[in-house]
Amino acid sequence: MIPGFIPGMPGTGRQLPLLAGAASLLIAPFLFIGGPDWASGPLLKSAWNLGHILLFALLTLTVRPSRWFSGWRLWLAVTAGLLVAGIGIELVQNSYSRDMDGRDLLRNLIGGWLIIAWRPVLVTGPKTSVRQILIATTATLLLCFELGATGMVAARQWQVHHQLPLLYDFSQQNPGPFWTGSLAVSANHSVNHPRSLQIDLGTATYSGVSLNNLPADWRDFERLVITLFNPSPEPLALTLRINDVAHDRSDHDYNDRFNTRLILGPGFNTFTRNLAAIENAPDGRTMDMSQIRRMGLFAVRLPEPRTVYLADLRLD
């Protein structure tokens, strides 16, 4: 039987590797050019990463390693080949200022494994063994795991973009998908929410947190309201910075974003900022209020570690 031949479809077995090879050539350049950047949202990044599965499935179809190997040797050869190719790609991507992602190696493997797992099932038809079916099912479950992860990101992003006027949902158990920095969920000092966020500030030059996953379109609102709790009797000076996507894709100039100083006295402190001031903050342009990308809250050169609680963050 011709490798890659599917019973009842005589033309497909011959044409499929050629079509897969052509598709691979079209897709492969996007490993190094185009695609999401630092300013892109989580959903685009997650969906884009699924391309690794498609590309390496196509490459496996093109090469047809079953012509030379079978059984466990086929699995070993494909796995080793994909790992070597994947590591090489990650190293080259790193030289193009792209972050290395170990999980891309798993996605590459899933693409190749899907092909070599399902080929015996499709070729032998009714004579497929239980073992072959179990292997194909396992490979498919790995694919479903990756698709499910992207689906979860999509559901989370739908929630983020429909939670206005809240900029952050304080009912979240894990702030990790939304914030970066040293912070944790706390039951203390909450206002109209089940929880607050405890922010731990260190003595580094800049110490704080950044909300990187937030509703982007602020055009229907007039004010930003932020409530913080300072548990210390000593005042605390913080800087609030806000920028849009254009700033993320620029040189990050200080005058190209909104910056304001917040002086926290002991206890609760509520600050209000007009969105018009935020919109007009960048020099030489107006901030795109439909594409707000990031909000940072940080202290500068603290003499000793401090703690502050974020109790509310909303638009009005």
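By class, how many nonpolar, polar and charged residues does the lining of the largest cavity have? The views below take up that question along with two helix pairs, all in a predicted model.

**View 1. The lining of the largest cavity, by class, has seven nonpolar, one polar and no charged residues.** That settles the opening question, and the names fill in the picture: the lining is made by Trp179, Ile226, Leu240, Met295, Gly296, Leu297, Leu310 and Leu313. Gly296 counts as polar here, so it is the one polar residue of this lining.

**View 2. Strands S9 and S10 each give two or more residues to the lining of the largest cavity.** Here we stay with the cavity and look at the elements around it. Strand S9 spans residues 292-300, and strand S10 spans residues 306-315. S9 gives the most to the lining, with three residues. As for the space itself, the volume of the largest cavity is about 30 Å³, and the structure holds one cavity of 30 Å³ or more.

**View 3. Helix H4 (residues 71-95) packs against helix H5 (residues 102-124) at an angle of about 150°.** The axes of the two helices are 9 Å apart. Because angles over 145 degrees count as roughly antiparallel, H4 is roughly antiparallel to H5. Their crossing is right-handed. From H4, the contact is made by Leu74, Trp75, Val78, Thr79, Leu82, Leu83, Gly86, Ile87 and Glu90. From H5, the partners are Asp104, Leu105, Asn108, Leu109, Gly112, Trp113, Ile116 and Ala117. Sorted by class, the residues of this contact come out as eleven nonpolar, four polar and two charged.

**View 4. Helix H2 (residues 42-49) meets helix H6 (residues 130-161), with axes that come within 9 Å.** The two axes cross at roughly 165°, which makes H2 roughly antiparallel to H6. The crossing of H2 and H6 is left-handed. On the H2 side, look for Pro42, Leu43, Ser46 and Ala47; on the H6 side, the contact residues are Thr150, Val153, Ala154 and Gln157.

**View 5. The contact of H2 with H6 is shown again, this time by residue class: five nonpolar, three polar and no charged.** Among the contact residues, Pro42 and Leu43 of H2 are nonpolar, as are Val153 and Ala154 of H6. Ser46 of H2 is polar, and so are Thr150 and Gln157 of H6. For the contact of H4 with H5, in View 3, the count includes two charged residues.

Conventions:
Residues are numbered from 1 along each chain as its sequence is written. This is a predicted model: local features need pLDDT of at least 70, side-chain atom pairs count only at pLDDT 80 or more; totals for chains, interfaces and linings use all residues. Side-chain values use heavy atoms; hydrogens and water are left out. Axes are lines fitted to C-alpha atoms, for helices over the stretch in contact, and angles run from 0 to 180 degrees between N-to-C directions. Helices (H or I, at least four residues) and strands (E, at least two) are DSSP runs, numbered from the N terminus. Angles under 35 degrees count as roughly parallel, over 145 as roughly antiparallel, 65 to 115 as roughly perpendicular and the rest as oblique. A crossing is left-handed if the near helix is turned anticlockwise from the far one by less than a right angle, and right-handed if clockwise. Contact means heavy atoms within 4.5 Å. On a 1 Å grid over the protein atoms alone, a cavity is a set of points where a 1.4 Å probe fits but cannot get out, and a pocket is an open set with protein on both sides within 12 Å along at least five of seven lines; lining residues have an atom within 4 Å of a point. Grid points are joined across faces, edges and corners, and a volume is the space filled by probe spheres set on the points.
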